[in-house]
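Open the structure in your viewer and keep the sequence beside it. The tour below goes from one selection to the next.

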Amino acid sequence: MINPLEMMKNLENIKTQAEEMKKKAAAIRATGYAMGNMIEVVATGEFKVESVKIDPSLLEQDPAMLQVLVASAVNNALDNVKTRVSQELGQIGQGLGLGI
């Protein structure tokens, strides 16, 4: 049975941990690639694209192909961010006894 008084004692700790999770997520950067390393996308733990680098030799290629490759690199970066955020938040959740 859950003891409400124990939960209240832990409320401040949970609030502190939530702020820590938010800061850790914001600090995460993950990179995604397409066409080997010819397209590189860096995304943040807030799921925003921070930068895109495209090898100049690809700029002379078919625009439709380049669009698909950039989308692929973005999706790869976001998948990598999701994995990193889950790992970080899982460690904090374990520290709180949440079994995440």
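What follows is a short list of selections, each with a note on what is there.

This is a predicted model, in which local features need pLDDT of at least 70, side-chain atom pairs count only at pLDDT 80 or more, and totals for chains, interfaces and linings use all residues. Residues are numbered from 1 along each chain as its sequence is written, and side-chain values use heavy atoms, with hydrogens and water left out.

Start with the sheet. Three strands (DSSP runs of E, at least two residues, numbered from the N terminus) make an open sheet, ordered β1-β2-β3, with antiparallel pairing; two strands pair if DSSP finds at least two bridges between them. Select 29-34 (β1) and 49-54 (β3): these are the edge strands, each with a single partner, so one side of each has no neighbour in the sheet.

Next, select residues 39-44, strand β2, which is joined to the antiparallel β3 by five bridges. Show Ile39 with its bridge partner in β3, Ile54. Then show Val41, which stands opposite Val52 in β3.

Move to the turn. Four residues lie between β2 and β3 in their hairpin, and Phe47 in the turn has a positive phi of about 60°.

Stay on Val52, in strand β3. Is Val52 buried or exposed? Val52 counts as partly exposed, because its relative accessibility is 43%, and the class lies between buried (under 20%) and exposed (over 50%), with a 1.4 Å probe and protein chains only.

Finally, select Val49, Val52, Ile54 and Leu59, which make a nonpolar surface patch of about 320 Å². Patch residues have over 30% relative accessible area (Shrake-Rupley method, 1.4 Å probe) and no salt bridge (a side-chain nitrogen of Lys or Arg within 4 Å of a carboxyl oxygen of Asp or Glu), with nonpolar side chains joined within 5 Å.

Definitions and conventions
Patch = residues over 30% accessible without salt bridge, like charges linked within 9 Å, V, L, I, M, F, W, Y side chains within 5 Å.
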